[in-house]
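Student: I have a protein chain in front of me and would like to learn how to read it. Could we go through it together?

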Amino acid sequence: MVDTRLPDRWLTDPRYLCLSDPAWRCFTNSMMWCNTHLTDGHVPTPALRVIGYATPDVVEELVSEGHWKPVEGGYQYVGDWEADLGQSTAEYITRNREKARLR
């Protein structure tokens, strides 16, 4: 099981306070999706159908506010997945799963 962390500092960070409610929900839902699928912050375009709140306006808001950037096949969270966004990388999770399996 992979946990998605939402740091408490985000509650007062202007970068997140300016997001509309649907954009905040899409941002956090897609972060959970990325962690579940070990994509290190890559959101494939087809995944937007199941993430929720990912209307064209919301996606544009996340891009224009600097949270996502368009990449081939979808979008990528802006910033380092681990250092800036506080999430575990796919490599870290895979390594820990293998260690647990070997125990």
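Tutor: Happily; we will go from the overall fold to one pair of strands. This is a predicted model, where local features need pLDDT of at least 70, side-chain atom pairs count only at pLDDT 80 or more, and totals for chains, interfaces and linings use all residues. Residues are numbered from 1 along each chain as its sequence is written, and side-chain values use heavy atoms, with hydrogens and water left out.

Student: In what order do the elements of the chain run?

Tutor: Helices (H or I, at least four residues) and strands (E, at least two) are DSSP runs, numbered from the N terminus. Here the order is α-α-β-α-α-β-β-α, giving five helices and three strands. The radius of gyration is 14 Å, close to the 13 Å of the globule rule for 103 residues, so the chain is as compact as a globular protein of that length. That radius is taken over C-alpha atoms, and the rule is 2.2 Å times the number of residues to the power 0.38.

Student: What share of the residues is buried?

Tutor: Buried means under 20% relative accessible area (1.4 Å probe, protein chains only). In this chain, 35% of the 103 residues are buried.

Student: Which strands pair in the antiparallel sense?

Tutor: Two strands pair if DSSP finds at least two bridges between them. Strand 2 (residues 68-71) and strand 3 (residues 74-77) pair this way over four bridges. V71 stands opposite G74 in strand 3. The two strands form a hairpin with two residues between them, and G73 in the turn has a positive phi of about 85 degrees.

Definitions and conventions
Buried < 20%, exposed > 50% of the residue type's maximum accessible area, 1.4 Å probe, protein only.
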